[in-house]
Amino acid sequence: MTPIVQVEHLCKYFKTPRGQLHAVEDLSFAIQEKTTLGVVGESGCGKSTLGRVIMGLHESTAGTLLLEGQDVTRPTKAQKKAMRKDIQMIFQDPYSSLDPRMCVSDLIAEPMKALKLCDKDERELRVAELMDTVGLSRRFAFSYPHELDGGRRQRIGIARALSVDPKFIVCDEPVSALDVSIQAQILNLLQDLQDQRGLTYMFITHNLSVVKHISHSILVMYLGCEVEMCDSKELFRQPLHPYTKGLLSAIPIPSIHVQREEIIMKGEVTSPINPKPGCRFASRCPYAKDKCRESLPEVEEVLPGHYAACHYVREINGLT
Ligand code: SF4
């Protein structure tokens, strides 16, 4: 089956006064239809830049981007138009991503209007349907974003993304600005919408526990590079990379009978500007040796379907 999204050796660099910032470094992965890829890493690891390159908001520096098998690395005008409809984004901060001067119904109708998808009467009908779909009472149709709480604002963001019937949605930290109880509601809503509409998601977050239940597979990034990727359950069962182990050890366990030792990741975070050769995690890795500072480890399939980028991954995990 052709994946919805496929990236091969994708790189995105930015020029800065201090040099070249390597935001995304040589990433390759595919996202199958009706599945969710969780992209996890600390702030500044390049996960949002990756989402923006896939959305077509940034042009990649190198590599290939395929959407449903079509090369859109340098999209034509027609491809750009199709991408605006087929790929949507849900943003981290629903408040700043919504125009405060527009009421809820206008905000939800805006993408349909911009893409000239239907006439005014149809739009009004669709807005009402979408409000029902995302669980937003119709009595809020003429309210403004500042009159609503964070959860309702994020429901507007989801309704806007759904309004143009996309195939693929990039969810960029969609719950990190919300209270924990609201987070669960929004995650459940996204999951229900995926089941009902066959949507494909890329779910970007800094919090591994958030993506545990929603993702089919997880990509862990560190300073622009892939460090580990596999099925979601497998990652929680058997993390292989020292960085993933550190991230997982920091997730609290809701039981007083189970104790887990937290791995404290000490050391400075390397600069992504003109990065030195070698593993980007070397300055914080407790297993680092000379080789780690000399060459960047390649991503390899360590176990079936389980990929990691570490020179000593077998040794660290007692694998032969
Ligand atoms: Fe640690 Fe070296 Fe593996 Fe990097 S390559 S994660 S520094 S052991």
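The following dialogue discusses how to read the sheets, helices and ligand site of a predicted model.

Trainee: How should one begin to read a sheet, and which strands form the open sheet of four strands here?

Mentor: The general idea is that strands of a sheet pair through backbone hydrogen bonds, either parallel or antiparallel. In this predicted model, the open sheet of four strands has the order S2-S1-S4-S5, and its pairing is antiparallel.

Trainee: Which strands stand at the edges of that sheet?

Mentor: They are strand S2 (19-31) and strand S5 (70-71). Each has a single partner strand, so one side of each is left without a neighbour in the sheet.

Trainee: How many bridges join S1 to S2?

Mentor: Nine bridges join these antiparallel strands. S1 and S2 form a hairpin, with two residues between them. As an example of facing residues, Lys12 stands opposite Val24 in S2. Strand S1 (residues 5-16) is also joined to strand S4 (residues 62-67) by five bridges, again running antiparallel. There, Val5 stands opposite Leu67 in S4.

Trainee: Which strands does helix H1 lie across?

Mentor: Helix H1 (residues 47-55) lies across S1, S2 and S4. Its direction is at about 115° to S1.

Trainee: What is the strand order in the open sheet of eight strands?

Mentor: The order is S6-S7-S8-S3-S9-S10-S12-S11, and the pairing is mixed. Strand S6 (87-90) and strand S11 (300-303) are the edge strands, each pairing on one side only. Neighbouring strands of this sheet are turned by 20° against each other on average, direction ignored.

Trainee: Do S7 and S8 run parallel or antiparallel?

Mentor: Strand S7 (residues 168-172) and strand S8 (residues 200-205) run parallel and are joined by five bridges. One pair to locate is Asp172 with its bridge partner in S8, Ile204. When inspecting such strands, recall a general point: in a regular strand the side chains alternate between the two faces of the sheet.

Trainee: Where do helices H6 and H9 lie?

Mentor: Helix H6 (residues 180-197) lies across strand S3 (36-40), S6 and S8, running at about 160° to S8. Helix H9 (residues 242-249) lies across S3, strand S9 (217-222) and strand S10 (225-231), and runs at about 105° to S9.

Trainee: Where does the ligand sit, and which residues are closest to it?

Mentor: The ligand sits in the largest cavity. It is surrounded by 13 residues, of which the closest are Cys279, Cys285, Cys292, Cys310 and His311.

Trainee: How do the residues of this shell divide by character?

Mentor: The shell around the ligand holds 11 nonpolar residues, two polar residues and no charged ones.

Conventions:
Residues are numbered from 1 along each chain as its sequence is written. This is a predicted model: local features need pLDDT of at least 70, side-chain atom pairs count only at pLDDT 80 or more; totals for chains, interfaces and linings use all residues. Side-chain values use heavy atoms; hydrogens and water are left out. A residue is near a molecule or strand if one of its heavy atoms lies within 4 Å of it. On a 1 Å grid over the protein atoms alone, a cavity is a set of points where a 1.4 Å probe fits but cannot get out, and a pocket is an open set with protein on both sides within 12 Å along at least five of seven lines; lining residues have an atom within 4 Å of a point. A molecule sits in a cavity or pocket if more than half of its atoms lie within 2 Å of its grid points. Ala, Val, Leu, Ile, Met, Phe, Trp, Tyr, Cys and Pro count as nonpolar, Asp, Glu, Lys and Arg as charged, and the others, Gly among them, as polar. Two strands pair if DSSP finds at least two bridges between them. Axes are lines fitted to C-alpha atoms, for helices over the stretch in contact, and angles run from 0 to 180 degrees between N-to-C directions. Contact means heavy atoms within 4.5 Å.
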